[in-house]
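Student: Please pick one part of this molecule and take me through it slowly. I'd like to begin with a single residue and work outwards from there.

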Amino acid sequence: MKWTDSQRIAEELYDLHGDSIDPKTVRFTQLRDLILALPDFNDDPARCGERILEAVQQAWIDEAE
């Protein structure tokens, strides 16, 4: 997965952390760490920005609802 795969990342985060983390309250620093820890994620950590994290967070919120 790459940073641009926001929907897929959100689905993975929901599957792994849906019962333990509320995506509405996750901090961007924590969200970045959670994404980097995903087993299929293999993009450059330096390519991450606030826009990407916002897109992932919104997709995760949508997934949770």
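**A close look at Ile9**

Tutor: Let's go with Ile9, which is buried because its relative accessible area is 0%. Buried means under 20% relative accessible area, exposed means over 50%, and partly exposed is in between (1.4 Å probe, protein chains only). Before we go on, this is a predicted model, where local features need pLDDT of at least 70, side-chain atom pairs count only at pLDDT 80 or more, and totals for chains, interfaces and linings use all residues. Residues are numbered from 1 along each chain as its sequence is written, and side-chain values use heavy atoms, with hydrogens and water left out.

So where does Ile9 sit? You'll find Ile9 in helix α1, which covers residues 6-17. (Helices are DSSP runs of H or I with at least four residues, strands are runs of E with at least two, and both are numbered from the N terminus.) Now look at what surrounds Ile9. If you skip its neighbours within four places in sequence, Ile9 has contacts with Met1, Lys2, Trp3, Ile35, Leu38, Phe41 and Val56; contact here means heavy atoms within 4.5 Å. For a reference point further along the chain, try Ala64: Ile9 and Ala64 are 55 residues apart in sequence, and their C-alpha atoms are separated by 13 Å.

Ile9 also belongs to the largest nonpolar core, which has 17 residues, and it is one of those that touch the most other members, alongside Leu13, Leu31, Ile35, Phe41 and Trp60. Helices α1, α2 (28-36) and α3 each give this core at least two residues, and α3 brings the largest share with four. As for the term, a nonpolar core is a set of buried Ala, Val, Leu, Ile, Met, Phe, Trp, Tyr and Cys residues joined through side-chain atoms within 4.5 Å.

Next, follow one of Ile9's contacts, Lys2. Lys2 is in the segment before α1, and it counts as partly exposed because its relative accessible area is 37%. Beyond the residues up to four places away in sequence, Lys2 touches Ile9, Phe41, Asn42 and Asp43. Take Phe41: although Lys2 and Phe41 are 39 residues apart along the chain, their C-alpha atoms are separated by 6.3 Å.

Now hop over to helix α3 (residues 50-64), where you'll see Gln57. Gln57 is buried, since its relative accessible area is 13%. Outside its neighbours within four places in sequence, Gln57 is in contact with Pro23, Lys24, Val26, Phe28 and Leu31. You've met Leu31 already, among the core residues that touch the most other members.

Then there's Gln58, also in helix α3, which counts as partly exposed because its relative accessibility is 41%. Measure across to Arg8 on your screen and you should get 12 Å from C-alpha to C-alpha, for two residues 50 places apart in sequence. Over in helix α2 you'll find Thr29, and Thr29 counts as exposed because its relative accessibility is 52%. Thr29 and Glu63 are 34 residues apart in sequence, with 20 Å between their C-alpha atoms.

Finally, zoom out to the whole chain. It has three helices and zero strands, and from the N terminus the order is α-α-α. Of its 65 residues, 32% count as buried, as Ile9 does. Contacts between residues 24 or more positions apart make up 72% of those with a separation of 6 or more. Along its principal axes, the C-alpha trace spans about 30 × 20 × 15 Å. A compact globule of 65 residues would have a radius of gyration near 11 Å, and the chain's 10 Å agrees with that. The radius is taken over C-alpha atoms, and the globule rule is 2.2 Å times the number of residues to the power 0.38.
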